[in-house]
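Hi,

Here is the structure I promised to pass on. Have a look at it first, and my notes on what turned up are below.

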Amino acid sequence: MELCTYKINISGTVQGVGFRPFIYALSQRYLVTGTVSNNSNGVEIILNTDTLTLKQFLIAIEYEYPPLASIDTIQHCEMSYVKFDSFEIIKTQDSGNITVNIPPDVSICEQCEKELLDPENRRYGYPFITCTHCGVRYSIIYDLPYDREHTSMKFFQMCKLCEKEYNNPLDRRYHAQPIGCHDCGPELHLVDNKGIKVEVVKNEIKKTVELLNEGKIIALKGLGGYHLVCDATNKSAIQELRKRKKRPTKPLAVMVRDINMAKRLATISPKEEELLVSQERPIVIVQMKDKHASDISPGISKIGLFLPYTPLHFLLLEKLNCPLVATSANITDEPICTNLESLEKLQNVYDYVLDHNRDIVNGCDDSVLMVVKEQQVMIRRARGYAPISLELPFTLKEKVLALGANQKSTIAIGIENRVILSPHIGDLDSISSVEYYEKNIESLERIYKFLPEVIAHDKESRYSS
Ligand SMILES: [Zn+2]
Ligand SMILES: [Zn+2]
């Protein structure tokens, strides 16, 4: 059959999710030559092939794309003939308005979980294990395109072994921007509430578990911010946390090791289970079994549960083997703390910090969901679900920045026929929350190289928005 050259453009969540190596693998299967690259709208493929193979190639893309990817559109056209001798992944092409989706942060995948627990694996027990199919994304991104130098992983020089995986298109870690290992990646530090380092080389998790067993309150650095955690079976630790945080009755979220532990605490429907174990790992509000466990959510029979979503949580819960109160580390009505400096305001609340040296660039709270009549109801759209890119049924003539209201605020930017919605920001009743709000605007403007031509905001002049 006659060989022609085709261009395929794919938009959606197609960067930072293993899309190019997936296309590379397809090129080997269908014996086609050409190139694949990221651009500001998604992924561009140039193929030398015949019409029949092109058809098969397109079907394979639609049915087999990587687990974290989602496709909005696939368009293809024939172009003037160019000869290629091989198939190559080429450097990111930069042009025009950026509309590609930023991949959200998701939980550790099954393969990484297996490696994490395998004493033979070189990443055994490594609390930052990740691959193309899982882990941190949005919260470490400074800029698009999503390349390592545009994330807070740029401060970690890969070792030879990691580099080999990173550069092999057939490896699960090909261009997985956040990869590292015991030798080259981020590491844990345990410090007390005066900022003094606790000397427990490579034993930070074990020591943290001991401290939790003693009833201590720990500030734990997660994906999009810090949590305040304590043993959920220790009533006096919970009371102490409430007293120090001045939150006598607010329901506290609880992280459980696995779905079985969740089922011991609450009645869980199949739909709720599906959400709890999903890669987004939201907090799901469910019916508590023991209505007397009033110290977790006084006066309420519901409880917010979630499963570990980072390898660090996973290792901690594995060793602790009991549920963990995990509430966002923030001062009432202020945004979640994302660095040690902002956490200092809570020095009187926590006893120790289990910290690490991978910066959180974009703060992101936990998402909260509940199931009503078998339908999921989003209460707080944040980690795992945000930012989200939505398609408009029309094309905007101008670039629009839309500012949410004073309460439970979010922001959105509109470019062409897409709207990108920020994670939940919260109420704008304090200086820090307004600063956090502004930071979110700056982040989306920077990442999308966006300058608004129209700004939509609340008319109420006393509102900060
Ligand atoms: Zn993984
Ligand atoms: Zn390494």
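**Salt bridges**

There are 21 salt bridges in the structure. Keep in mind as you read that this is a predicted model.

One that caught my eye joins the side chains of Arg 418 and Asp 72, with 3.1 Å from N to O. Arg 418 sits in strand β20 (residues 418-421) and Asp 72 in strand β4 (residues 70-79), so this pair ties together parts that are 346 residues apart in sequence. The two partners are not equally covered: Arg 418 is buried at 8% relative accessible area, while Asp 72 comes out as partly exposed at 33%.

Next, Arg 123 and Glu 165 meet through their side chains in a salt bridge of 2.7 Å, N to O. Arg 123 belongs to the loop between α3 and α4, and Glu 165 to helix α4, so here the parts being tied together are 42 residues apart in sequence. Arg 123 has a relative accessible area of 1%, so it counts as buried. Glu 165 is buried as well, at 15%. This pair also belongs to a wider set: Glu 115, Arg 122, Arg 123, Glu 165, Arg 172 and Arg 173 are linked in a network of salt bridges.

A third example is Glu 273 with Lys 263, whose side chains form a salt bridge at 2.8 Å, N to O. Glu 273 is in helix α8 (residues 270-277) and Lys 263 in helix α7 (residues 259-265), so the bridge ties together parts that are ten residues apart in sequence. Here both ends are partly exposed: Glu 273 has a relative accessible area of 24%, and Lys 263 has 32%.

**The zinc sites**

Now for the metals. Which residues hold the zinc ion listed as ligand 1? Its protein donors are the SG atoms of Cys 109, Cys 112, Cys 131 and Cys 134, at 2.3 to 2.4 Å. Cys 109 lies in the loop between β5 (87-89) and α3 (110-116), and Cys 131 in the loop between α3 and α4 (160-166), so this pair ties together parts that are 22 residues apart in sequence. The angles among the four donor atoms run from 104 to 118°, and the site is tetrahedral. Along the chain, the donor residues follow the spacing C-x2-C-x18-C-x2-C.

As for cover, Cys 109 is buried, with a relative accessible area of 7%. Cys 131 is buried too, and Cys 134 is at 0% relative accessibility, so it also counts as buried.

The zinc ion listed as ligand 2 is coordinated through SG by Cys 159, Cys 162, Cys 181 and Cys 184, at 2.3 Å. Its four donor atoms subtend angles of 106 to 116°, which makes this arrangement tetrahedral. The donor residues of ligand 2 are spaced C-x2-C-x18-C-x2-C in sequence. Among them, Cys 181 is buried at 2% relative accessible area, and Cys 184 is buried at 10%.

In case you were wondering about other cysteine links, a search of the whole structure finds zero disulfides.

**A patch on the surface**

Last item: Val 372, Val 377 and Ile 379 make up a nonpolar patch on the surface, and together they have about 220 Å² of accessible area. Val 372 is part of strand β15 (residues 368-372) and is partly exposed, at 40% relative accessible area.

Cheers

Conventions:
Residues are numbered from 1 along each chain as its sequence is written. Chains are lettered from A and ligands numbered from 1 in the order in which they are written. This is a predicted model: local features need pLDDT of at least 70, side-chain atom pairs count only at pLDDT 80 or more; totals for chains, interfaces and linings use all residues. Side-chain values use heavy atoms; hydrogens and water are left out. Donors are N, O and S atoms within 2.8 Å of the metal (3.2 Å for Na, K and Ca); water is not among the atoms, so sites may look incomplete. Four donors count as tetrahedral if all angles lie between 85 and 135 degrees; four count as square planar and six as octahedral if opposite donors are over 155 degrees apart and all others between 65 and 115; anything else is irregular. Buried means under 20% relative accessible area, exposed over 50%, partly exposed in between (1.4 Å probe, protein chains only). A disulfide is a pair of cysteine sulfur atoms within 2.5 Å. Patches are made of residues with over 30% relative accessible area and no salt bridge: like charges are joined within 9 Å, nonpolar side chains (Val, Leu, Ile, Met, Phe, Trp, Tyr) within 5 Å. Accessible areas come from the Shrake-Rupley method with a 1.4 Å probe; for residues, only the protein chains shown count as cover. A salt bridge is a side-chain nitrogen of Lys or Arg within 4 Å of a carboxyl oxygen of Asp or Glu. Helices (H or I, at least four residues) and strands (E, at least two) are DSSP runs, numbered from the N terminus.
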